[in-house]
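Me: Please take a close look at a single part of this model, the group of charged side chains that pair with one another. I would like one connected answer, in plain words.

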Amino acid sequence: MKNLKRICKLFPILLLLLYTGCKKKAAVPADDAEQIAASELLDYYLVGEHTTGGNKLIVLYFTQEGNVIKANAHLQGYFRAREVVIKNSVITIDYNGDGKSMYTFTLEKDAEGKLKLKSYDFRYNGAGNQLAYAIMAKKSEAFSFANLSFKTGNTMFSFTTDGGTEIINWPGDPSPYYKLTNIGFKTNNDKFLGVTVPGWNGVVVPVMLLEKDEALFVAKEQDAQPPQPACNLILPGVSFKSQSTKLATSEETILSSVAQTLRGSSGCKVVVTGYCSSSLTDRQLSWRRVESVIQYLTEKQGIDGSRFIFKYAQPGNDCNEVDLTNAAQGQPDGGVIPPFPAQ
């Protein structure tokens with residue numbers, strides 16, 4: 001009987017403990033424990049490719065205005081900013097606010113707490129599966145494209161700055177642009193939309209996605225060409241006495257100064273040009289005079305003969321003159337002496 005009385009006294013305490021334990025357990029639903037806060041999106045951006053329609057890319061990044069997190073959604077020629085609402089780790093964006101263009105992105109966290117894109121969809125007028133591919137990346141994974149060149153297929157394009165205006169130099173269609181944070185750009189004329197991504201649909205290296213004329217281009221950075229030497233040299237010519245092929249002392253002095261200039265510009269080549277071709281004698285005299293100039297510079301001044309391009313019997317100047325000019329890019333290699341004219 002005494003034991004029964006003790007149990008009865010303890011019964012209210014046991015009920016209280018049971019009630020408190022149940023209340024604490026119910027305070028944190030399992031679904032809420034996995035929720036992703038909208039503020040966690042600020043370090044990320046989303047890029048998707050449409051399967052149909054006139055727009056190929058959707059570029060979406062997040063910003064904060066007061067206590068509100070907004071999704072900034074860019075299409076080529078269009079922009080919408082919508083407040084972010086996440087439910088069960090799913091972002092839903094009604095692009096035009098009419099329920100017809102609906103994007104959904106389902107997120108998850110990896111073991112390190114980084115957000116990952118689990119699934120994606122775009123429904124237009126109720127028809128789904130209209131995103132061919134999409135990725136989620138951190139803004140820190142985007143790369144700077146200023147002053148870089150890119151190649152897609154056989155097309156090369158670059159980004160430059162002209163008087164403070166940033167320009168994409170697409171062949172035949174250069175256009176000023178403005179940046180979308182640090183991840184991409186849009187042109188002022190709405191002809192281009194571009195975004196950098198750390199990889200894309202089987203491509204495991206960083207690339208730029210570029211939309212133009214309802215086409216999507218995947219472009220890789222083009223390796224920079226080694227800088228070409230500055231060959232804007234002003235070189236004097238030399239004169240010969242009538243019918244002579246011998247350099248006067250004064251002309252050798254001129255060529256000595258030319259040699260000194262060439263030593264300071266080791267990558268530059270020079271065209272040595274003689275004139276007159278109306279007769280065989282003129283052509284032979286022109287050939288010998290060019291030879292005399294090159295011989296002096298190579299044998300007396302030690303300049304490499306491969307730096308000289310031999311041209312003789314050219315029209316357009318005094319027969320007694322030999323000119324030295326910069327070799328333009330694309331001209332044939334130097335060091336080749338043409339045959340002595342025999343006819």
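Reply:
**Around Asp173**

Asp173 has a relative accessibility of 14%, and because the cut-off for buried is under 20%, Asp173 counts as buried. The model is a predicted one.

Begin with the partners of Asp173. The side chain of Asp173 forms a salt bridge with that of Lys191, at 3.5 Å from N to O. This pair links distant parts of the chain. Asp173 is in the loop between strand S12 (165-169) and strand S13 (175-180). Lys191 is in the loop between strand S14 (184-187) and strand S15 (192-197), and the two residues are 18 apart in sequence. Lys191 is partly exposed, at 37% relative accessible area.

Asp173 also forms a salt bridge with Lys212, where the closest N and O atoms are 4.0 Å apart. Lys212 belongs to strand S16 (residues 207-212), while Asp173 sits in the loop between S12 and S13, so this salt bridge ties together parts that are 39 residues apart in sequence. Lys212 counts as buried, with a relative accessibility of 12%.

Lys212 leads on to one more residue. Between Lys212 and Asp213 there is a salt bridge whose closest N and O atoms are 2.7 Å apart. Asp213 is exposed, at 58% relative accessible area.

Put together, Asp173, Lys191, Lys212 and Asp213 are linked in a network of salt bridges. Side chains of opposite charge can pair when their charged atoms come close. The network includes buried Asp173, buried Lys212, partly exposed Lys191 and exposed Asp213. The structure as a whole holds seven salt bridges.

Asp121 makes a useful contrast. Asp121 is buried yet has no salt bridge, and the nearest side chain of opposite charge, that of Arg123, is 4.0 Å away. Asp121 is found in strand S8 (residues 115-124). The side chain of Asp121 does reach the backbone nitrogen of Asn129, at 2.7 Å. Leaving aside residues up to four places away in sequence, Asp121 touches Met102, Tyr103, Thr104, Gly128, Asn129, Gln130 and Leu131.

To return to the part you asked about: the salt bridges run from Lys191 to Asp173, from Asp173 to Lys212, and from Lys212 to Asp213.

Note on methods: Residues are numbered from 1 along each chain as its sequence is written. This is a predicted model: local features need pLDDT of at least 70, side-chain atom pairs count only at pLDDT 80 or more; totals for chains, interfaces and linings use all residues. Side-chain values use heavy atoms; hydrogens and water are left out. Helices (H or I, at least four residues) and strands (E, at least two) are DSSP runs, numbered from the N terminus. Buried means under 20% relative accessible area, exposed over 50%, partly exposed in between (1.4 Å probe, protein chains only). Lys and Arg count as positive and Asp and Glu as negative; His and the chain ends are not counted. A polar contact is a pair of N or O atoms within 3.5 Å; within protein, one must be able to donate a hydrogen and the other to accept it, and residues adjacent in sequence count only if both atoms are side-chain atoms. Contact means heavy atoms within 4.5 Å.
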